[in-house]
Amino acid sequence: MTEPPAPPLPDSWTELRAELDRWAASGRHATFWWRDDDAVAPSPALDRLLALAARHGRWVALAVIPAGAEPALADRLAGTPAVVIQHGWVHRSHAPADEKTAELGDHRPAETVLAELTAGRERLQALFDDRFRPVLAPPWNRIGPQLRARLGEAGLNILSGFGARDAAPGPAQLNTHADPIDWRGGRGFAGIDRALAPILRHLADRRNGIADPEEPTGLLTHHLAHDDEGWIFLDGLLTLLARHPAVAWPAPDSLFGART
């Protein structure tokens, strides 16, 4: 007698709905936020990003590279709910050739790097006024521990990296957890399962107390690098999240602090 065929495994979209259902059943809200890296100027890709955010009624934190930021970018953001955070200084690696790329490692004197970050913060404040928030997203999501501990000296009071936040010395953390680009395998869309897996993992870890339950799950995008498949995925993800009653998107002031 032959065995009956095994039932099909649920797809990742179904698993995400089921995880959000668990949050709803426990009377809790699964919070999210959205960061997009490498902005410097208006572009068709930026237009597509802002249109996607507007269609779903979401704000996005644009991590802007200060040294390359153009005044036209401030003009383009007028009338949008986007906020601006700082993406290093010039997005150039200073790491030795045998180490991972890093602009903000401990390879140079901290005073030199802090001076660059201070200049970057002042430039972004001048360009974007109260749209700017003093949050640092390190290029390549890497920062040396010595520099991290002194980041407040540059006037940056929140650090946004990648992965569950930790208790290392330094400013408060507001991290991202899921990036849908396959950076090591062709730099295209990673596929639905791989793109959703870190979201599912972080949500489950928060719900079970393995990760900080108060840390919003952060989406990380790169508008200049997405292919069409990646844009379609983001549209689908934002659609699903918008329709689920357990999902909440905190306002920028509640995550970054009120504007001064």
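1. Let's start with Phe256, which touches Trp33, Trp59, Ala61, Val83, Ile85, Arg133, Val135, Ile158 and Leu174, leaving aside residues up to four places away in sequence. Please keep in mind throughout that this is a predicted model. Phe256 sits in helix H8 and is buried, with a relative accessible area of 8%. One of its contacts, Leu174, is 82 residues away in sequence, yet the two C-alpha atoms are 8.5 Å apart in space.

2. Helix H8 also takes part in a salt bridge. Asp253 pairs with Arg133, with 3.0 Å between the closest N and O atoms. Asp253 belongs to helix H8 (residues 252–256) and Arg133 to strand E4 (residues 132–136), so this pair ties together parts that are 120 residues apart in sequence. The two partners differ in burial: Asp253 is partly exposed at 34% relative accessible area, whereas Arg133 is buried at 4%. Arg133 is worth a second look in your viewer, as this residue is also among those touched by Phe256.

3. A second long-range pair is Arg165 with Asp212, whose side chains meet in a salt bridge at 2.8 Å, N to O. Here both ends lie in loops: Arg165 is between strand E5 (158–159) and strand E6 (172–173), and Asp212 is between H6 and strand E7 (217–221), so the pair ties together parts that are 47 residues apart in sequence. Arg165 counts as partly exposed, at 27% relative accessibility. Asp212 counts as partly exposed too, at 31%.

4. How many salt bridges does the count come to? The total is 13. Besides the pairs above, Arg108 and Glu116 meet through their side chains in a salt bridge of 3.0 Å, N to O. There is also a network of salt bridges that links Glu19, Arg22 and Arg207.

5. That network leads to the first helix pair. The axes of helix H1 (residues 12–25) and helix H6 (residues 192–207) come within 10 Å and cross at roughly 15°. With angles under 35 degrees counting as roughly parallel, that makes H1 roughly parallel to H6. The crossing of H1 with H6 is left-handed.

6. Now for the residues in that contact. On the H1 side they are Ser12, Trp13, Glu15, Leu16, Glu19, Leu20, Arg22 and Trp23, and they meet Ile192, Asp193, Leu196, Ile199, Leu200, Leu203, Ala204, Arg206 and Arg207 in H6. Sorted by class, the residues of the contact of H1 with H6 are 10 nonpolar, one polar and six charged. Glu19, Arg22 and Arg207 from the salt-bridge network are all found in this list of contacts.

7. Which other helices come within 10 Å by their axes and cross at roughly 15°? Helix H2 (residues 44–55) and helix H7 (residues 228–243) do. H2 and H7 are therefore roughly parallel to each other. H2 passes H7 in a right-handed crossing, while the crossing of H1 with H6 is left-handed.

8. For H2 and H7, the residues that meet are Ala45, Arg48, Leu49, Leu52 and Arg55 in H2 and Asp228, Trp231, Leu234, Asp235 and Leu238 in H7. The contact of H2 with H7 divides into six nonpolar, no polar and four charged residues.

9. Is His244 buried or exposed? At 11% relative accessibility, His244 counts as buried, and its place is in the loop between H7 and strand E8 (247–248). Leaving out residues up to four places away in sequence, His244 touches Arg17, Leu20, Asp21 and Ala24. Of these, Arg17 is 227 residues from His244 along the chain, with 7.9 Å between their C-alpha atoms. Leu20 also appears among the H1 residues that meet H6.

10. Finally, two backbone points for your checks. Trp140 has a positive phi of about 60° although it is not a glycine. Trp140 lies in the loop between E4 and helix H5 (145–149) and counts as partly exposed, at 33% relative accessibility. Arg187, likewise not a glycine, has a positive phi of about 65°, and its place is in the loop between E6 and H6.

Key:
Residues are numbered from 1 along each chain as its sequence is written. This is a predicted model: local features need pLDDT of at least 70, side-chain atom pairs count only at pLDDT 80 or more; totals for chains, interfaces and linings use all residues. Side-chain values use heavy atoms; hydrogens and water are left out. Axes are lines fitted to C-alpha atoms, for helices over the stretch in contact, and angles run from 0 to 180 degrees between N-to-C directions. Helices (H or I, at least four residues) and strands (E, at least two) are DSSP runs, numbered from the N terminus. Angles under 35 degrees count as roughly parallel, over 145 as roughly antiparallel, 65 to 115 as roughly perpendicular and the rest as oblique. A crossing is left-handed if the near helix is turned anticlockwise from the far one by less than a right angle, and right-handed if clockwise. Contact means heavy atoms within 4.5 Å. Ala, Val, Leu, Ile, Met, Phe, Trp, Tyr, Cys and Pro count as nonpolar, Asp, Glu, Lys and Arg as charged, and the others, Gly among them, as polar. A salt bridge is a side-chain nitrogen of Lys or Arg within 4 Å of a carboxyl oxygen of Asp or Glu. Buried means under 20% relative accessible area, exposed over 50%, partly exposed in between (1.4 Å probe, protein chains only).
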